[in-house]
Structures are given as structure tokens and as C-alpha cells.
Amino acid sequence: ISAALIKVKPGTDPHDVAVRIAQKIPGVTSIESSDLFQTYRKQMTGLLRTVMVVLGVTLGLSIVLIGLVFSMAANERRKELGVLRAIGATRQYVFQSLLAEASLLAIFGGLTGVNLASLAIFLFRKLIMVSLDIPFLLPSPASLLTQIGIGLFLALFSVNLAALIPAYKISRQDPAVAMRE
């Protein structure tokens, strides 16, 4: 037995019982339940905060890198966009078409990520159960769809945010200058 839960009578001090157990049974460590759950809660809260900070930093870096990649891609298409402007496309049209392209890439990339993650979970669920020694339970379909929706929205939002500045700069460029370079 790795752990045993002992219920004390009402009016008995749990601390005194823990001390007596520790004194009378060698090699046993007694933990009072209030301390046990409080320690667990503190550890989980700390772990959750750390995960959230890492996710925030990762999201921020991803947005910056996506912005750089989108800027390079738009820069490569500068002549093409200059020709569009020269034949009558408005700045707003060029801006909106670049953001629409970014949105399509985000949606298809997000859907690809969801499908790959689902496939990995399906293929490796037994390995996950064995290595973590816990049952593998999927969330309810409503919760799963909500999480997928939030993930797709986050992908769409972050890619559009990253593409905003490069799309604005390219759409504001003079057509003659864009075609010359």
C-alpha cells in the first residue's frame, strides 16, 4: 500500500493522530489531509501559471515570426501588387485581399493542426495511458468542439494580427515604386 486515508473521530486533533502514527510506525510519513490538498492545489496553480506564461510567450513569438514570414512573402509579390494597383485596384482592395489570404492560410493551417493532433491522439492513446498510468478520457463532444473553435479562432486572430502591418505597408505603397523594385 502506498497510501492510506485515516478518518479520525469528531473532536480529535488530526495533527496529534499524525504525530502518533509517525512515532509508532517506522518508515511511514503522515500527512494531514488539509495540508495534502492545499499543497496539491498550490503545485497545480503554480504549474498552470507557468504553462500560461509559456503559452503567452510562444503565442507572442509566433505572431512576430508569422509577421516576418508574411512580410517577406508580400515583399516578393510587390511587383504583382503594384500592377494590381496600376490597373485600378484600390489600396483597400489590396489590403483586404492580403488579409483574406492570411485568413485562408490560418483556417487551413488550423484545420490541418486539429486533424494531425486528433490523429496523433488516436494513434498514441494507449501509449499515453500506459506511460502516465491513467485512463484516457476524451472531453464531451460539446467541450471538444468548443476547444477546436477556440483554437481555430486563436489561429485566425494571431495570423491576421501578424499580417496586419505588412499588408498595410504594401497596400499603401505607390504602384510605380512597387513595379520598379
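Which residue forms a salt bridge with Arg77 whose closest N and O atoms are 2.6 Å apart? The partner is Glu101. This report takes that contact as one of several features of a predicted model, and describes each in turn.

## Confidence of the model

The structure is a prediction, and the predictor's confidence is reported as pLDDT. The mean pLDDT of the protein is 87, and 96% of the residues reach 70 or more.

Confidence varies among the elements of the protein. Helix H5 has the highest mean pLDDT, 92, whereas helix H6, residues 175-180, has the lowest, 72.

## The salt-bridge network

The count of salt bridges comes to two. In one, Arg77 and Glu101 bring their closest N and O atoms to 2.6 Å from each other. Arg77 belongs to the loop between H2 and H3, while Glu101 belongs to helix H4, so this pair ties together parts that lie 24 residues apart in sequence. Salt bridges with shared partners join Arg77, Glu80 and Glu101 into one network.

The other bridge is formed by Glu80 with Arg77, and here the closest N and O atoms are 3.5 Å apart. Each member of the network is partly exposed: Glu80 has a relative accessibility of 47%, Arg77 has 25%, and Glu101 has 27%. The class runs from 20% to 50% relative accessible area, so the 25% of Arg77 places that residue in it.

## The second largest cavity

A search of the whole structure finds two cavities of 30 Å³ or more. The second largest cavity holds about 30 Å³ of space. Its lining consists of Phe70, Ala73, Ala74, Arg77, Leu98 and Glu101. Two of these names, Arg77 and Glu101, also appear above as salt-bridge partners.

Helix H2 (33-76) and helix H4 each supply at least two residues of this lining. The largest share comes from H2, with three residues. By class, the lining of the second largest cavity has four nonpolar and two charged residues, with no polar residue.

## The second largest pocket

The second largest pocket contains about 310 Å³ of space. It is lined by 13 residues, and those closest to its centre are Val114, Ala117, Ser118, Ile121 and Leu144.

Which helices each supply at least two residues of the lining of this pocket? They are helix H4 (91-132) and helix H5 (141-171). H4 gives the most, with seven residues. The lining of the second largest pocket comprises 10 nonpolar residues, two polar residues and one charged residue.

## Aromatic pairs

The structure holds two aromatic pairs. In one of them, the ring centres of Phe95 and Tyr168 are 6.5 Å apart and the ring planes stand at 90 degrees, so the pair is edge-to-face. This pair links distant parts of the chain, with Phe95 in helix H4 and Tyr168 in helix H5, 73 residues apart. Tyr168 is partly exposed, with a relative accessible area of 45%.

The other pair, Phe153 and Phe157, is stacked, with 6.2 Å from centre to centre and 20 degrees between the planes. Planes under 30 degrees apart count as stacked, which is why the angle of 20 degrees gives the pair this label. Both residues lie in helix H5, four residues apart, or about one turn of the helix. Are these two rings buried or exposed? Phe153 is exposed, with a relative accessible area of 54%, whereas Phe157, at 45%, counts as partly exposed. The boundary between these two classes is 50%, so the 54% of Phe153 and the 45% of Phe157 fall on opposite sides of that value.

## A contact between distant positions

Ile87 is located in the loop between helix H3 (78-86) and H4. With a relative accessibility of 68%, Ile87 counts as exposed.

How many residues separate Ile87 and Pro175 in sequence? The separation is 88 residues, although the C-alpha atoms of Ile87 and Pro175 are 9.4 Å apart in space. Position 175 also begins helix H6, which spans residues 175-180.

Terms used: Residues numbered from 1 in each chain as written. Predicted model: local features only at pLDDT ≥ 70, side-chain atom pairs only at ≥ 80, totals over all residues. Heavy atoms only, no water. 1 Å grid on protein atoms, 1.4 Å probe; cavity = no way out; pocket = protein on both sides within 12 Å on 5 of 7 lines; lining within 4 Å. Points joined across faces, edges and corners; volume = space filled by probe spheres on them. Nonpolar A, V, L, I, M, F, W, Y, C, P; charged D, E, K, R; others polar. Phe/Tyr/Trp six-rings, centres within 6.5 Å; stacked < 30°, edge-to-face > 60°. Buried < 20%, exposed > 50% of the residue type's maximum accessible area, 1.4 Å probe, protein only. Salt bridge = Lys/Arg side-chain N within 4 Å of Asp/Glu carboxyl O. pLDDT = per-residue confidence, 0-100.
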